Amino acid sequence: MNDGEFGGEPGGAVGRPWGGPSAEGGGDPFDDALALANGTAPTRVRSGAGPEATTVTTPYAAGGATAATSSATDSGGDAPYTPDDPFSPDDPAAARSGPSSPSSPSSPADPAPPTGPGPRPTPAAVPWHTARALAERAVSGPPAPETSALGEALGRTLAAPLTALTDLPSFDTSAMDGWAVSGPGPWRLDRPADASEAGPPSGILAGHAPTEALLDGHAIPIATGARVPSGATAVLRSEHGEVRELSDGGRRLYAPRPAPPGQDIRPRGQECRRGDQLLPAGVLVTPAVLGLAAAAGYDELTACPRPRAEVFVLGDELLDHGLPREGRIRDALGPMLAPWLHALGVEAAPPRHLADEADILYAALAESTADVVITTGGTASGPVDHVHPTLRRLGAEVLVDGVAVRPGHPMLLARLAPRRHLVGLPGNPLAAVSGLLTLAEPLLRTLAARRPAAPYRAPLAAAVAGHPHDTRLVPVAYRDDERHGLMAVPLRFHGPAMLRGIASADALAVVPPGGAERGTELELLEFPWSASWSEGWTPGWAAPGGPYDPTEATGGRA
């Protein structure tokens, strides 16, 4: 670690210190995961494996840690699980729960970290919940707060309590259009001093302070929001009063029932008194918060700055307009990621498309000043996957290199410099969303000082098949069931390269290894725009009560 940020300080902004053994008695799970990512993990062997079992070490880290490798045995070993490929429950490779470490002197020596693209040994995948916790705690908290004009604070987090600078309302105010009256009726209707004799009496308008006290037995027209004159005991609504002409040319106001003292008057300080705390620190500045701050007398707010992110879309095969052609496809991630980041309270420039050249990626990362750089594609070990070699070249510290989740297994998190990070997303669209919610969202939430959403769970409307050992993220939409209440309906078209399902989804359901039956309550990762269930959206639902077969939507592969 470069700056000792993991774990924070006791009582700090992002949670507790690391201390305490894990449930298995093997030390802190976060420290264990970090050790795996940095090549310093203790020896581990798969359960039941003998001295000649296939073994691998952990991936590289800054400064040149060991790379993963396997034994030379050809039989009985674990073939690496292809990242992001839809799995089949009977796939023998799917029985693999993760690589183990050398356990005997006969294990081969670790080779030096590779320096270029190409096949890369599979690292030990971090458990999904652990990966999210690591991302959330990768920084100790947000940067120093800034003071800005009200409009610029929208979407930020209050760094100090919002305290009223004045009483609200700051004077007795009429709550209705009508008449300010003094004492019991009927009342003689006064004409305001500045009113024209020819026109109707305008009365007291909002924004105009009355200059004369209202005498007992008198009334004067008043508008909603106007300051109530001294001497007034109530406001009589316009629909409750009747004005009659008098023989002497005057007018008298009658009411069918008495106007009790204080009726339809908002008294000074009804909402708050000067010095009252209106909102605590840590509250998200919404449009309503801006309105409250303005009413309370604020011209500026002190809030945590929005994190700054850059998105680099990697791939020579991507087009930015038109139809797919000549083996090239449209870039779906560039148009999606920037608005998604904005919804998370992040400042993100338009995505940059980078060619599949190592030097171009190196220069872009070296020159970036963003708090978080997000790359798409290039995180695996293909011939043009340059992310890992470039991180080694930059001397970055890898915090998470592969997560036990489907889709999105080859996602990664690295520290480029103190308080500067990179989140590597897989190139497949749904896998990229999985990485965005697994690693980028918790990291950005900490940087923005946003509070985590309250854990939300809902029962499944249909069974969902699971991966044998990994967590699975499945798009779901809400359905209001008359018998069971709000339920999460698994959506079809959920393959790693598909967007059709997630475009109709409200959340991703966190499916544990082995799957979940209908009615099981699952944790949900909600999107910022979860409203489709109230609009009666139905396409893509599994049949209510029927099993949800992931192979049906993906051509026989889940």
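# A guided look at burial, packing and backbone in this chain

Tutor: Of the 558 residues in this chain, 48% count as buried. Please keep in mind that the model is predicted.

Student: How many helices and strands does the chain have?

Tutor: There are eight helices and 29 strands. You can also ask how the contacts are spread along the sequence. Taking contacts between residues at least 6 apart in sequence, 74% join residues at least 24 apart.

Student: Could you show me one pair that is separated in sequence? What is the distance in space between alanine 431 and proline 496?

Tutor: Their C-alpha atoms are 5.1 Å apart, while 65 residues separate the two in sequence. Alanine 431 belongs to helix 7. With a relative accessibility of 0%, alanine 431 counts as buried, because the cut-off for buried is under 20% relative accessible area.

Student: Now let's read a single helix. Which residues of helix 3 are buried?

Tutor: In helix 3, residues 287-295, the buried ones are Val289, Leu290 and Ala293. Looking down the helix axis, you find these buried residues within an arc of 100 degrees, so they line one face of helix 3.

Student: And what does the face turned away from the buried side of helix 3 carry?

Tutor: That face has the exposed residues Pro287 and Ala288.

Student: Which elements do the buried residues of helix 3 pack against?

Tutor: Three strands: strand 4 (162-163), strand 13 (277-279) and strand 14 (300-304). Following helix 3 comes glycine 297, with a positive phi near 105 degrees.

Student: Let me try helix 4 in the same manner. Which of its residues are buried?

Tutor: Helix 4 spans residues 333-343, and its buried residues are Leu333, Gly334, Met336, Leu337, Ala338, Trp340 and Leu341. The elements covering them include strand 15 (308-314), strand 18 (347-348), strand 20 (372-376) and strand 24 (420-425), along with helix 7 (429-447) and helix 8 (500-503). Helix 4 is followed by glycine 345, whose phi is positive, near 85 degrees.

Student: Next, pairs of helices. At what angle do helix 5 and helix 6 pack?

Tutor: To read a pair, look at the angle and the distance between the axes. Helix 5 (residues 358-367) and helix 6 (residues 387-394) pack at about 50 degrees, and their axes are 10 Å apart. The two helices are therefore oblique to each other. Helix 5 passes helix 6 in a right-handed crossing.

Student: Which residues of helix 5 and helix 6 meet?

Tutor: From helix 5 come Ala358, Asp359, Leu361, Tyr362, Leu365 and Ala366, and they meet Val387, Thr390, Arg393 and Leu394 of helix 6. Sorted by class, the residues of this contact are seven nonpolar, one polar and two charged.

Student: How far apart are the axes of helix 2 and helix 7?

Tutor: The axes of helix 2 (residues 128-136) and helix 7 are 7 Å apart, and the helices pack at an angle of about 30 degrees. Helix 2 and helix 7 are therefore roughly parallel to each other. Here too you can read the handedness: helix 2 passes helix 7 in a right-handed crossing.

Student: Which residues make the contact of helix 2 with helix 7?

Tutor: Helix 2 contributes Trp128, Ala131, Arg132, Ala135 and Glu136, while helix 7 contributes Leu437, Thr438, Leu439, Glu441, Pro442, Leu443, Arg445 and Thr446. By class, the contact of helix 2 with helix 7 has seven nonpolar, two polar and four charged residues.

Student: Finally, the backbone. What should I know about phi and peptide bonds?

Tutor: Most residues other than glycine have a negative phi, and most peptide bonds are trans. Now look at arginine 419, which is not a glycine and has a positive phi of about 65 degrees. Arginine 419 sits in the loop between strand 23 and strand 24, and at 25% relative accessibility it counts as partly exposed. Alanine 449 has a positive phi as well, about 60 degrees. Alanine 449 lies in the loop between helix 7 and strand 25 (457-459) and is partly exposed, with a relative accessible area of 21%.

Student: Where is a peptide bond cis?

Tutor: One such bond runs from glycine 185 to proline 186, with omega near -5 degrees. Proline 186 is in the loop between strand 6 (178-181) and strand 7 (187-189). A cis bond also joins arginine 406 and proline 407, with omega about -5 degrees. Proline 407 is found in the loop between strand 22 (403-406) and strand 23 (412-417).

Key: Residues are numbered from 1 along each chain as its sequence is written. This is a predicted model: local features need pLDDT of at least 70, side-chain atom pairs count only at pLDDT 80 or more; totals for chains, interfaces and linings use all residues. Side-chain values use heavy atoms; hydrogens and water are left out. Buried means under 20% relative accessible area, exposed over 50%, partly exposed in between (1.4 Å probe, protein chains only). Helices (H or I, at least four residues) and strands (E, at least two) are DSSP runs, numbered from the N terminus. The arc is that of the directions from the helix axis to the C-beta atoms. Contact means heavy atoms within 4.5 Å. Axes are lines fitted to C-alpha atoms, for helices over the stretch in contact, and angles run from 0 to 180 degrees between N-to-C directions. Angles under 35 degrees count as roughly parallel, over 145 as roughly antiparallel, 65 to 115 as roughly perpendicular and the rest as oblique. A crossing is left-handed if the near helix is turned anticlockwise from the far one by less than a right angle, and right-handed if clockwise. Ala, Val, Leu, Ile, Met, Phe, Trp, Tyr, Cys and Pro count as nonpolar, Asp, Glu, Lys and Arg as charged, and the others, Gly among them, as polar.
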